[in-house]
Amino acid sequence: MTANKLTPLHVLLFIATIATTLLAGAVQNEPNGLAEPLKALLSVIKEPQKILSGIPFALSLLIILLAHELAHYFTSKRHAIPATLPYFIPAPNIIGTFGAIIKMKPPVMDRRSLIDIGASGPLSGFLISIIAVIVGLNFSEPAGEELSKGEFVLGPSFIFYFLVKLILGPGSFPVSLHPVAFAGWVGLLITSLNLFPIGQLDGGHIAYALFGERHRWVSISMIPLLFLLGLIFWPGWLMWALLMFILGLEHPPVVHPEIPLDRKRRLIGYLALAVFILTFAPIPFGEI
């Protein structure tokens, strides 16, 4: 692993992700683009100038992802833990990416460092996502009777629901989202997924820092909970549970577990838990 160095792979992946998120943003702007992405994609391909309409979404989402990963990177650097710059992951999906990652070289010295690194990304991404949602909602409007049966809709998290009610008023669901608001919604979803207290997710780092070896039981308990969520609310949670199980539920130990968390770090951990609750959407995607 080459830490603190920009490599050709970083550049190529970032350029590819710019292209795929621009295309995803343009597809979303087509009539019923989220419900019929292939049809919308063909329309954009026929008129390539339409890809410019994807700039607000792509730029907003990339800023959110950069905020998340660079917070991890600079916090790792502050704690003298070697880490790479972010690797962006382009993807042929409705948002154009699978996110971004950095790679750290273990071990982490103590739980204070671990909670700083684990919480910095989600909290930074959460803040930028909230800004994007607030800005975007001011250019959004209630969908009203425009939606037809079977049309694709996005499910709100607690914080997103509150912001829609605050900015657009009662009776505003479902919402026809501006691309910047949609990017903010995606950012909130990414935040909640990362904060699940499982394995080596950001939430797993935080849980290990707070609970030590007891993190293992928290991590294990999340799998049946995800399966239950998948059976009751959204089938996608079943795939997330399987992926988490495959990636592993354990967390590597820190070098000095005897060093206790101070009050500030515990508050950071509980703040991250509150953010997880606020950003969690039981049914992220659905149909009318």
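Which residues form a nonpolar patch on the surface, and about how much accessible area do they have together? In this predicted model, the patch is made by L225, L228, L231, I232, F233 and I283, which together have about 580 Å² of accessible area. The points below begin with that patch, and then turn to two helices, the salt bridges, some features of the backbone and the surroundings of one serine.

**The nonpolar patch**

- One member of the patch is I283, and this residue is found in the loop between α10 (residues 263–279) and β6 (residues 285–287).
- I283 has a relative accessible area of 39%, and it is described as partly exposed because that value lies between the limits of 20% for buried and 50% for exposed residues.

**Helix α9**

- Helix α9 runs over residues 236–247, which makes twelve residues, and it reaches 17 Å from its first C-alpha to its last, a span close to the 16 Å expected at 1.5 Å a residue.
- The buried residues in α9 are G236, W237, W240, A241 and M244, and seen down the axis of α9 they fall within an arc of 145°, so they line one face of the helix.
- The cover over these buried residues of α9 includes two other helices, α6 (residues 179–194) and α8 (residues 215–232).
- On the face of α9 that is turned away from its buried side, the exposed residues M239, F245 and I246 are carried.
- After α9 comes G248, a residue whose phi is positive, near 115°.

**Helix α1**

- Helix α1 has 21 residues and reaches 30 Å from its first C-alpha to its last, which is close to the 30 Å expected at 1.5 Å a residue.
- In α1 the residues H10, T17, T21, L22, A24, G25, A26, V27 and Q28 are buried.
- What covers these buried residues of α1 includes both helices and strands, namely α2, α3, β1, β2 and α6.

**Salt bridges**

- The structure holds five salt bridges, and one of them joins E30 and K50, whose closest N and O atoms are 3.3 Å apart.
- This pair links distant parts of the chain, since E30 is in the loop between α1 (residues 8–28) and α2 (residues 37–46), while K50 is in the loop between α2 and α3 (residues 55–78), 20 residues apart.
- The two partners are not covered in equal measure: E30 is buried, with a relative accessible area of 13%, whereas K50 is partly exposed, with a relative accessible area of 22%.
- K50 also takes part in a salt bridge with E47, where the side chains meet at 3.1 Å, N to O, and E47 counts as partly exposed at 35% relative accessibility.
- Taken together, E30, E47 and K50 are linked in a network of salt bridges.
- Another salt bridge is formed where the side chains of D262 and R265 meet, at 2.7 Å from N to O.
- In the D262 and R265 pair, D262 counts as partly exposed at 23% relative accessibility, while R265 is buried, with a relative accessible area of 11%.

**Features of the backbone**

- P106 and P107 are joined by a cis peptide bond, for which omega is about 5°.
- Of these two prolines, P107 lies in the loop between β2 (residues 97–101) and α4 (residues 111–137).
- A80 has a phi near 60°, which is a positive value in a residue other than glycine.
- A80 is found in the loop between α3 and β1 (residues 87–90), and A80 is exposed, with a relative accessible area of 67%.

**The surroundings of S140**

- S140 has its place in the loop between α4 and β3 (residues 141–142), and at 10% relative accessibility this serine counts as buried, because the value is under the limit of 20%.
- Although S140 and L177 are 37 residues apart in sequence, they are 5.0 Å apart in space when taken from C-alpha to C-alpha.
- When its neighbours within four places in sequence are left aside, S140 is in contact with L168, V175, S176, L177, H178 and A181.

Note on methods
Residues numbered from 1 in each chain as written. Predicted model: local features only at pLDDT ≥ 70, side-chain atom pairs only at ≥ 80, totals over all residues. Heavy atoms only, no water. Helix = DSSP H or I, 4+ residues; strand = E, 2+ residues; numbered from the N terminus. Expected span 1.5 Å × (residues − 1). Buried < 20%, exposed > 50% of the residue type's maximum accessible area, 1.4 Å probe, protein only. Arc of directions from axis to C-beta. Contact = heavy atoms within 4.5 Å. Patch = residues over 30% accessible without salt bridge, like charges linked within 9 Å, V, L, I, M, F, W, Y side chains within 5 Å. Areas by Shrake-Rupley, 256 points an atom, 1.4 Å probe, with all protein chains shown as cover. Salt bridge = Lys/Arg side-chain N within 4 Å of Asp/Glu carboxyl O.
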